[in-house]
Amino acid sequence: MTVKAPTEPAFRLPLSVPLLAGNEWAYLKECLNTGWVSSVGPFVDRFEREIAAATGSPHAVAMMNGTAALHLALQLVGVGPGDEVLVPTLTFIAPVNAVRYCGAEPVFMDADPVTWQLDADKATRFLAKQGERRGEATINRRTGRRIAAILPVHLLGLACDMDRVLECAQRHRLPVVEDAAEAMGVRFRGRHVGTFGDVGVLSFNGNKVITSGGGGMLLTASGERAARARDLSTQAKDDGREYVHHAVGYNYRLTNLHAALGLAQLEQLGRFIERKRRTAQIYADALGDLEGVTLMPSPPHTEATFWLYTVLLRPGTTVEARRAALDRLDEQGIEARPLWHPIHSLPPYQGCQAVDITVAPDLHARAISLPSSVGISEADLERGASIIRRTLQSY
Ligand SMILES: *Cc1c(COP(=O)(O)O)cnc(C)c1O
C-alpha cells in the first residue's frame with residue numbers, strides 16, 4: 001500500500017502579491033548608503049510630492065499605514081468621543097476601527113446592489129428621517145449623539161458614486177473622509193478618488209495596488225489640515241530639543257526606507273493598472289457567459305483599476321456553498337477569497353446601529369475575489385480563468 005503524501009499544487013495563482021521589478025533595490029540601497037533609514041529623509045518628501053502629483057491632491061502626508069492615516073483623518077475633521085460616523089458595513093474593518101479609536105461609534109450603512117459600494121441613497125434617507133439639525137450640528141434623534149462625518153470606502157478598485165455621497169454630505173453638512181486604500185489610480189469623473197472629500201486616505205500595504213511594505217498617505221486640499229497631520233503624526237512637539245509637546249500626538253510617520261520602496265512602486269503604477277485591467281478583461285471574457293455568475297460591475301463615470309477582480313455566484317448561494325467553491329479552487333492552485341464579513345455582525349460591533357442592511361450579507365455570501373496579482377503571466381491567467389470557469393459552473 002502506498003501512502004499518498006499531501007502535495008502542493010504545482011500551479012498556483014496568488015490573490016494579490018507585490019511585483020518588485022523597478023527601482024526598489026536601488027532606492028533601498030541609497031537609504032542604506034546615506035544612512036537615511038528612519039522617519040525623515042529625501043524619499044519621504046519625494047514620495048509625498050509624487051503621490052500629490054499622481055492624485056492631484058494639493059497636499060499628501062505620508063503615514064506608517066492606512067489605518068493610522070484614517071485615525072488622523074477622522075480627528076482632522078473633528079470626530080471625537082461620543083460622536084457617530086456613517087460607515088459601510090461591507091468593507092475591510094480598518095476604517096470602522098479608526099472610528100472607535102476616536103471614541104466615536106459607527107453607524108452601519110448598506111451596500112449598493114449594483115456597485116457594491118456604500119449606498120448613499122440609503123444614507124440620505126436615514127439622515128432625512130433620523131438626523132436633526134441643531135445649530136451647526138446634525139444630531140441623531142434616536143441616540144441624541146452628533147453625527148460627525150460620513151466615511152465612504154472605495155472598494156476593490158472601483159469608486160463610490162461621489163455625486164451622491166457629496167450631495168448627501170452637503171445637505172446634512174457632514175465632513176467626508178474617503179477611504180481610498182484599495183483605489184490607488186481610480187478616478188471618478190476624471191478626478192482621483194480620495195480628493196473629493198475633506199480628507200482622503202491611501203494604503204500601501206503589501207496586497208494593495210502599490211506597496212511600500214507598509215504605509216499610507218493622507219490627502220487633503222487644506223494646508224492647515226496637512227500641517228496638523230504632520231504635527232500629530234510626529235508626537236505634536238512644539239520644541240524638538242526641549243521635548244515640549246502641545247497635544248497628545250502619535251508616532252505615525254512613514255520611514256524613509258518604506259518611502260523608498262513606495263516611490264519605486266509608484267513609478268510602475270501605470271503598468272500595474274494596465275495589468276489589473278487586462279486581468280479583469282480576461283476574467284470577464286472567460287466567465288461572462290456562465291449562467292448565474294455576475295461579473296464585477298463597471299460603475300458609471302468610473303475609471304476602475306479592479307484591485308481584486310470579484311464575481312458573484314448565483315443568487316441564493318449560501319455562505320457554505322461559497323466556502324466549498326473556494327476550497328475547490330484552492331485545491332487547484334487558485335487563491336481566491338470571499339469579501340469581508342459584514343462588520344455590524346462581528347463581535348466588536350454587534351449592537352451598533354445598522355440601517356436597513358439587506359444587500360451586504362447577500363454580497364458576502366456570493367462574492368469571490370479572484371487572483372489579481374500584477375505579476376501573473378497572461379498564459380497563467382488564461383489557464384487559471386479556465387479552471388475557475390470549470391469550477392464555478394457547478395456552483
Ligand atoms: C487595506 C485597507 C485599509 C488599511 O490599510 P493599512 O495600510 O493596511 O493599515 C483601510 N481600508 C481599506 C478599505 C483597506 O482595504
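**A guided tour of two pockets, a helix and a sheet**

Begin by selecting Lys122, Arg125, Phe126, Lys129, Gln130, Arg142, Gln353, Ala354, Val355 and Asp356, which together line the second largest pocket. The model on display is a predicted one. The space inside this second largest pocket comes to about 180 Å³. Colouring its lining by class gives 5 charged residues, 3 nonpolar and 2 polar.

**The largest pocket**

Proceed next to the largest pocket, which holds about 400 Å³ of space. Its lining is made up of 28 residues. To find the middle of the largest pocket, select Phe92, Glu182, Asn207, Lys208 and Trp307, the lining residues that lie nearest its centre. By class, the lining of the largest pocket comprises 13 nonpolar residues, 11 polar and 4 charged.

Which helices should be displayed alongside the lining of the largest pocket? Show helix H3, residues 66-76, and helix H4, residues 94-101, since each supplies at least two residues of that lining. H3 gives the most, with 3 residues.

**Helix H10**

Now select residues 319-331, which form helix H10. A distance check can be made here: at 1.5 Å a residue, the 13 residues of H10 should span 18 Å, and the C-alpha atoms at its ends are 18 Å apart, which agrees.

Within H10, highlight Arg322, Ala325, Leu326 and Leu329, the buried residues of this helix. Why do these buried residues share one side of H10? They cover an arc of only 100° around the axis, and this places them on the same side of the helix. Then turn the view to the face of H10 that points away from its buried side, where the exposed residues Glu320 and Glu331 are found.

**The three-stranded sheet**

The last stop is an open sheet of 3 strands, arranged in the order E9-E8-E14 with antiparallel pairing. Select strand E9 (191-192) and strand E14 (302-303), which stand at the edges; each has a single partner strand, so one side of each is left without a neighbour in the sheet. In general, strands of a sheet pair through backbone hydrogen bonds, in either a parallel or an antiparallel manner.

Add strand E8, residues 187-188, to the selection. E8 and E9 pair in the antiparallel sense over 2 bridges. Which residue of E9 stands opposite Phe188? Arg191 is the residue to select, as it faces Phe188 from E9.

Conventions. Residues are numbered from 1 along each chain as its sequence is written. This is a predicted model: local features need pLDDT of at least 70, side-chain atom pairs count only at pLDDT 80 or more; totals for chains, interfaces and linings use all residues. Side-chain values use heavy atoms; hydrogens and water are left out. Two strands pair if DSSP finds at least two bridges between them. Helices (H or I, at least four residues) and strands (E, at least two) are DSSP runs, numbered from the N terminus. On a 1 Å grid over the protein atoms alone, a cavity is a set of points where a 1.4 Å probe fits but cannot get out, and a pocket is an open set with protein on both sides within 12 Å along at least five of seven lines; lining residues have an atom within 4 Å of a point. Grid points are joined across faces, edges and corners, and a volume is the space filled by probe spheres set on the points. Ala, Val, Leu, Ile, Met, Phe, Trp, Tyr, Cys and Pro count as nonpolar, Asp, Glu, Lys and Arg as charged, and the others, Gly among them, as polar. The expected span of a helix is 1.5 Å times one less than its number of residues. Buried means under 20% relative accessible area, exposed over 50%, partly exposed in between (1.4 Å probe, protein chains only). The arc is that of the directions from the helix axis to the C-beta atoms.
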